[in-house]
Structure formats: C-alpha cells, structure tokens
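Reader: Please take a close look at the charged side chains of this model and how they pair. I would like one connected account that also covers what surrounds them.

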Amino acid sequence: MNALHEDPTHVMLADDDDDDYFVFSLAIHELSFAVLLTRAENGDMLMKLLEEKHPDILFLDMLMPCKSGHQCLKEIRANSKYDSLPIIVYSSLQDLNNIEFCYREGSNLYAIKPSSLPELKNVLERIFSIDWKKMLYFPPMSQFVINPA
C-alpha cells in the first residue's frame with residue numbers, strides 16, 4: 001500500500017507545558033509519515049479524551065495538574081479497554097524511582113524529554129519504528145528508557 005494513502009497515526013500527548021507541546025508538534029510534523037496530534041493539557045482532560053477517542057499511541061508526561069501522570073498511568077492500565085494502547089512516558093524526570101514505577105505500572109517505554117528538536121525527532125523516529133499495531137512492545141528494563149543523548 002502506498003504510504004500516502006495510509007490513515008494517519010493518532011498520537012495523543014498529555015502535557016501541560018506549552019513550550020514542550022510546541023516543540024513536540026514541530027518534531028511530529030517533520031516526521032516522514034502522517035500523524036494526527038491531540039493534546040490533553042492535564043490528567044483530568046486526558047481521561048475524558050480517552051473516553052471519546054482511542055489514540056494509536058499515548059505520550060504521557062508525569063508532572064501534570066489535576067491528575068498526575070502517575071495516577072493516569074495506573075487508571076489507564078487498570079481499565080482493560082486500554083490494554084492495547086501503547087503508553088510512552090514522556091518526562092523530564094530521570095530518577096530511578098519514577099522510571100521503575102512506570103515500568104512496573106505497565107508503560108511501554110520511558111522517553112526522557114530531549115533538549116533540542118533534532119534529538120526529539122530522533123527519539124520519535126525510534127518510537128515510531130516499532131509496529132505498535134502488530135505487537136504491544138514491553139522491552140526489558142535495560143531497553144525501557146530512551147535517552148536522547
């Protein structure tokens with residue numbers, strides 16, 4: 001099938017930071033395939049949006065108002081209708097406690113927020129190279145964290 005006729009990948013980004021969202025959307029639009037990007041500005045909004053539409057991939061920030069990424073991750077993974085939803089934690093937090101929590105609670109990858117657009121594009125290309133529709137990827141802990149450096 002010609003790549004131009006494929007349905008866009010629906011990506012949902014849960015992040016309250018406007019600058020992070022702007023850079024993320026720039027990087028998404030520079031990728032070589034069609035992406036439909038939806039934003040949830042806080043954890044409550046994320047849970048409401050998930051009820052309305054089921055994205056192909058969810059990027060989840062840990063530090064959000066109303067309901068934290070930690071709470072959202074637990075809630076999403078407790079609901080079997082989201083069993084096939086890939087959750088990529090997208091966070092500036094790099095401590096082992098947070099990483100281990102996300103691993104234990106069922107996120108698929110942990111992407112540390114890069115500091116530049118080229119680094120973010122590289123991270124996104126690595127994440128999108130996985131065929132999420134065919135297989136839900138749960139890597140071993142040693143491959144769980146995607147570091148932009």
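Author: In this predicted model, K67 and E75 form a salt bridge whose closest N and O atoms are 2.9 Å apart. The two partners differ in cover: K67 is buried, with a relative accessible area of 16%, whereas E75 is partly exposed at 37%. Elsewhere, salt bridges with shared partners join D15, D20, D61 and K113 into one network.

Within that network, K113 and D61 meet through their side chains at 3.6 Å, N to O. K113 sits in the loop between β5 (109–112) and α5, and D61 in the loop between β3 and α3, so this salt bridge ties together parts of the chain that are 52 residues apart in sequence. K113 counts as buried at 16% relative accessibility. D61 is buried as well, because its relative accessible area of 4% falls under the 20% limit.

What else does D61 touch, leaving aside its neighbours within four places in sequence? Its contacts are A14, D15, D16, G69, Y90, S91 and K113. D61 also carries a record: an unreviewed UniProt entry annotates it as "modified residue: 4-aspartylphosphate". The feature "domain: Response regulatory", likewise from an unreviewed UniProt entry, is placed at residues 10–128. Over that range the chain is 45% helix and 20% strand, and the end C-alpha atoms are 12 Å apart.

The loop between β3 (57–60) and α3 also holds C66. C66 has a positive phi of about 70°, although it is not a glycine. With a relative accessible area of 56%, C66 is exposed, in contrast to D61, which is buried.

The count of salt bridges comes to nine. One of them pairs K81 with E51, the closest N and O atoms being 3.4 Å apart. K81 lies in the loop between α3 and β4 and E51 in helix α2 (residues 43–52), so distant parts of the chain, 30 residues apart, are linked. K81 is partly exposed, at 42% relative accessibility, while E51 is exposed, at 54%. The loop between α3 (69–78) and β4 (87–91) is also the place of N79, which is partly exposed with a relative accessible area of 27%. N79 and E52 are 27 residues apart in sequence and 15 Å apart in space, C-alpha to C-alpha.

Y90, one of the contacts of D61, leads on to the aromatic rings. Seven aromatic pairs are counted. In one of them, F33 and F128 meet edge-to-face, 5.2 Å centre to centre with 65° between the planes. F33 is in the loop between α1 and β2 (35–40) and F128 in helix α5 (residues 117–128), so the pair ties together parts that are 95 residues apart in sequence. F33 is partly exposed at 33%, but F128 is buried at 13%. F59 and Y90 form another edge-to-face pair, with 6.3 Å between centres and 90° between planes. That pair links strand β3, which holds F59, to strand β4, which holds Y90, across 31 residues. Both F59 and Y90 are buried. Ring pairs join F24, F33, F59, Y90 and F128 into a cluster.

On the surface, F22, V23 and L26 make a nonpolar patch of about 240 Å². F22 belongs to helix α1 (residues 18–29).

Notes
Residues numbered from 1 in each chain as written. Predicted model: local features only at pLDDT ≥ 70, side-chain atom pairs only at ≥ 80, totals over all residues. Heavy atoms only, no water. Patch = residues over 30% accessible without salt bridge, like charges linked within 9 Å, V, L, I, M, F, W, Y side chains within 5 Å. Areas by Shrake-Rupley, 256 points an atom, 1.4 Å probe, with all protein chains shown as cover. Salt bridge = Lys/Arg side-chain N within 4 Å of Asp/Glu carboxyl O. Helix = DSSP H or I, 4+ residues; strand = E, 2+ residues; numbered from the N terminus. Buried < 20%, exposed > 50% of the residue type's maximum accessible area, 1.4 Å probe, protein only. UniProt positions renumbered as here; feature names shortened; annotations may be inferred. Contact = heavy atoms within 4.5 Å. Phe/Tyr/Trp six-rings, centres within 6.5 Å; stacked < 30°, edge-to-face > 60°.
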